[in-house]
Structures are given as structure tokens and as C-alpha cells.
Amino acid sequence: MNFIHPLSDVHSVKIGKETRIWQFCVVLKDAVIGQNCNICAGCFVENDVRIGNNVTIKNGVYIWDGITIEDDVQIGPNVTFTNDKYPRAKQYFNLQRTLIKSKASIGAASVILGGVTIGENAMVGAGSIVTKDIPANELWLGNPAKFIRKIS
């Protein structure tokens, strides 16, 4: 059984069992959210978004078109994603696709630029600015985020 808070605005019917969507969230109609996810308060999920199973998205995260989040991922509070390399008001843009692979973890207040892939089981330290792909099983930190060490 899903839980959708009455103060959220959820239009998608493609939401897996046992997923919880808390207050003040907006989920657009074409978004796909897996099973046993936790979408915390104040999140926004656009249409061309795929979220896997067992994903936690903490408060204040906006998931824009072109973002795929695989299974068992942790997204910390106030993580910022982008999907447009050269943003301009009311102009067509080339959508950048971002992939967050299984078991990755992104620390609070990090910024993930469009078009990157964060590898399986990778970790991004809080407040980091990710400007390029992060390989699997690595910890990256800083502005711009840099390799710190391997994760076993």
C-alpha cells in the first residue's frame, strides 16, 4: 500500500507498492517511481524521470526531465540537478541526460551538472559540485568534485 500525503500533488499512476510521498511534493503524470521509495517533503518530480526501487530522496530535491535514478540510491537533502548546459528563458534546449547508478549516495546540498553518470556504489560528499562522470565504487568530494578514495 502506498502512502501519498494529502498535501502533495501527485499525477502519476506509475508508482510502485510501499512508496511514500510526503507533503508539498509534486509528481507529474509521466514520472515513473519504483517500489518502497521515500520521497520526502518539498520534492518535485518532472515527467521524463525514472526512479528505481528502494530509493530515498530527501527534502527539497527537484528531479528534472532526463534524470534516471536506479535502485537503492540515497539522494541527500537539497541536492540540485541540472539538465540544460546553456539555460535561457523560454528557449528550446538540448536536454542533458543524467544517470545515477544503483547504490550510489549523493550528500546534502551537492550540485549534479547535467549529462553526468554517477557509478554504482559511488558516493558524493556533501556540498560537492559534480562536473564529470564518477566511476563505480569511488568517493568524490569538493568543488569541483575530485576523487578521494576507492570504496570497498
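How far is the sulfur of Cys-40 from the closest cysteine sulfur? Select Cys-40 and Cys-43 and have a look: the two sulfurs are 6.3 Å apart, too far for a bond. A disulfide here is a pair of cysteine sulfur atoms within 2.5 Å.

Before you click on, know that this is a predicted model, where local features need pLDDT of at least 70, side-chain atom pairs count only at pLDDT 80 or more, and totals for chains, interfaces and linings use all residues. Residues are numbered from 1 along each chain as its sequence is written, and side-chain values use heavy atoms, with hydrogens and water left out.

**Stop 1: the cysteines**

Stay with the cysteines for a moment. By the 2.5 Å rule, the disulfide count comes to zero. Cys-25 is in no disulfide either, and its nearest cysteine sulfur belongs to Cys-43, 4.8 Å away. Now colour by accessibility, if your viewer can do it. Buried means under 20% relative accessible area, exposed means over 50%, and partly exposed is in between (1.4 Å probe, protein chains only). Cys-25 is buried, at 1%, and Cys-40 is buried too, at 7%.

**Stop 2: Glu-46, a buried charge**

Next, select Glu-46. You'll find it in the loop between β7 (44–45) and β8 (49–51). Strands are DSSP runs of E with at least two residues, helices are runs of H or I with at least four, and both are numbered from the N terminus. Which side chain of opposite charge is nearest to Glu-46? That's Arg-97, 10 Å away, and Glu-46 is buried without a salt bridge. For charges, Lys and Arg count as positive and Asp and Glu as negative, while His and the chain ends are not counted. A salt bridge is a side-chain nitrogen of Lys or Arg within 4 Å of a carboxyl oxygen of Asp or Glu.

So what does the side chain of Glu-46 reach? Draw a distance to the backbone nitrogen of Asp-65 and you should get 2.8 Å. Then show the residues around it: Glu-46 touches Leu-28, Ala-31, Ile-63, Trp-64, Asp-65 and Asn-83, leaving out residues up to four places away in sequence. Touching, or contact, means heavy atoms within 4.5 Å.

**Stop 3: the salt bridges**

How many salt bridges does a search of the whole structure find? Five. Start by selecting Lys-14, Lys-29 and Asp-30, which are linked in a network of salt bridges. Asp-30 meets Lys-14 at 3.9 Å, N to O. Asp-30 sits in the loop between β4 (26–27) and β5 (32–33) and Lys-14 in the loop between β2 (9–10) and β3 (20–21), so this pair ties together parts 16 residues apart in sequence. Asp-30 also bridges to Lys-29, with the closest N and O atoms 3.2 Å apart. Lys-29 is exposed at 53%, whereas Asp-30 is partly exposed at 29% and Lys-14 is partly exposed at 38%.

Now jump to Glu-70 and Lys-101, another salt bridge, with the closest N and O atoms 3.8 Å apart. Glu-70 is in the loop between β11 (67–69) and β12 (74–75) and Lys-101 in the loop between β14 (98–100) and β15 (105–106), so parts 31 residues apart in sequence get tied together.

**Stop 4: the rings**

Time for aromatics: the structure holds four aromatic pairs. Rings of Phe, Tyr and Trp (its six-membered ring) pair if their centres lie within 6.5 Å; planes under 30 degrees apart count as stacked, over 60 as edge-to-face and the rest as tilted. Select Phe-3 and Trp-22, a tilted pair at 4.7 Å centre to centre with 50° between the planes. Phe-3 is in strand β1 (residues 3–4) and Trp-22 in the loop between β3 and β4, 19 residues apart.

Then pick Tyr-62 and Trp-64: their ring centres are 5.7 Å apart and their planes lie at 75°, so the pair is edge-to-face. Add Phe-44 to your selection and you have one aromatic cluster of Phe-44, Tyr-62 and Trp-64.

**Stop 5: backbone oddities**

Finally, hide the side chains and follow the backbone. Phe-24 has a positive phi of about 65° although it is not a glycine; look for it in the loop between β3 and β4. Asn-36, in the loop between β5 and β6 (38–39), has a positive phi as well, near 55°. End at Pro-144, in the loop between β20 (138–141) and β21 (146–150): the peptide bond from Asn-143 to Pro-144 is cis, with omega near -5°.

Note on methods
Polar contact = N/O pair within 3.5 Å; in protein donor to acceptor, adjacent residues only side chain to side chain.
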